[in-house]
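Let's walk through this model together, one question at a time. Keep the structure open beside you as you read.

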Amino acid sequence: MLLIRCPHCGERPEVEFRHGGAAPVARPEDPSTLDDAAWAEFLYMRANPKGWHFERWRHEHGCGRFFNAVRHTVSDRIAMTYRSGEKRPGLAAIPGTDRP
């Protein structure tokens, strides 16, 4: 079982969490001004990188809070997690991101 470290609650089993997509993705300031194509682009078109990726997660069956994680998309290894609103770290500063 994959253990994910919630920055608020500590390590918990993966079944307590929900993936929330890439982090951070800025929501359009005024969504009502977007046409259907632009809205679809915002909702569905995301990068699908092979390697390290910054993501948003939610501890749904725990504290309910959102947080960010640095996860390798091939090995599924999570190098670190950090609270929403904290400065995004550079990959070079994260131990273990030199390997999958």
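**A tour of the predicted model**

Q: Which residues make up the largest nonpolar core?
A: This is a predicted model, and its largest nonpolar core holds seven residues in all. Strand 1 (3-6) and strand 5 (66-72) each supply at least two residues of this core. As a general point, nonpolar side chains in soluble globular proteins tend to be buried together. The members are I4, C6, F17, W57, F67, A69 and I78.

Q: Which residues does a second, separate core include?
A: Besides the seven-residue core, there is a second, separate one made of five residues. Among them are W52, F54, V70 and Y82.

Q: With which residues is I4 in contact, leaving aside its neighbours within four places in sequence?
A: I4 belongs to the largest nonpolar core. Its contacts beyond those neighbours include core members as well as E11, R12 and E14. The full list is G10, E11, R12, E14, F17, W57, F67 and I78.

Q: What is the angle between the planes of F17 and F67?
A: A search of the whole structure finds two aromatic pairs. One of them is F17 with F67, an edge-to-face pair at 5.7 Å centre to centre. Edge-to-face calls for planes over 60 degrees apart, and here the angle is 85°.

Q: How many residues apart are F17 and F67?
A: F17 sits in the loop between strand 2 (10-13) and strand 3 (18-22), while F67 is in strand 5. The pair therefore links distant parts of the chain, and both partners count as buried because their relative accessible areas, 3% for F17 and 0% for F67, fall under 20%. Along the chain they are 50 residues apart.

Q: Which residue lies over the face of F54?
A: F54 is part of the second core. An arginine is placed over its ring, at 3.7 Å from the ring centre. In another such arrangement, R46 lies over the face of F42, at 5.3 Å from the ring centre. For F54, the residue is R88.

Q: Which residue of strand 6 stands opposite F67?
A: Strand 5 runs antiparallel to strand 6 (residues 78-83), and five bridges join them. F67 lies in strand 5, and its opposite number in strand 6 is R83.

Q: Is D76 buried, partly exposed or exposed?
A: D76 is in the turn of the hairpin formed by strand 5 and strand 6, which has five residues between the strands. D76 has a positive phi of about 70° although it is not a glycine. Most residues other than glycine have a negative phi. With 33% relative accessibility, D76 counts as partly exposed.

Key:
Residues are numbered from 1 along each chain as its sequence is written. This is a predicted model: local features need pLDDT of at least 70, side-chain atom pairs count only at pLDDT 80 or more; totals for chains, interfaces and linings use all residues. Side-chain values use heavy atoms; hydrogens and water are left out. A nonpolar core is a set of buried Ala, Val, Leu, Ile, Met, Phe, Trp, Tyr and Cys residues joined through side-chain atoms within 4.5 Å. Buried means under 20% relative accessible area, exposed over 50%, partly exposed in between (1.4 Å probe, protein chains only). Helices (H or I, at least four residues) and strands (E, at least two) are DSSP runs, numbered from the N terminus. Contact means heavy atoms within 4.5 Å. Rings of Phe, Tyr and Trp (its six-membered ring) pair if their centres lie within 6.5 Å; planes under 30 degrees apart count as stacked, over 60 as edge-to-face and the rest as tilted. A charge sits over a ring if NZ of Lys or CZ of Arg is within 6 Å of the ring centre and within 35 degrees of the ring normal. Two strands pair if DSSP finds at least two bridges between them.
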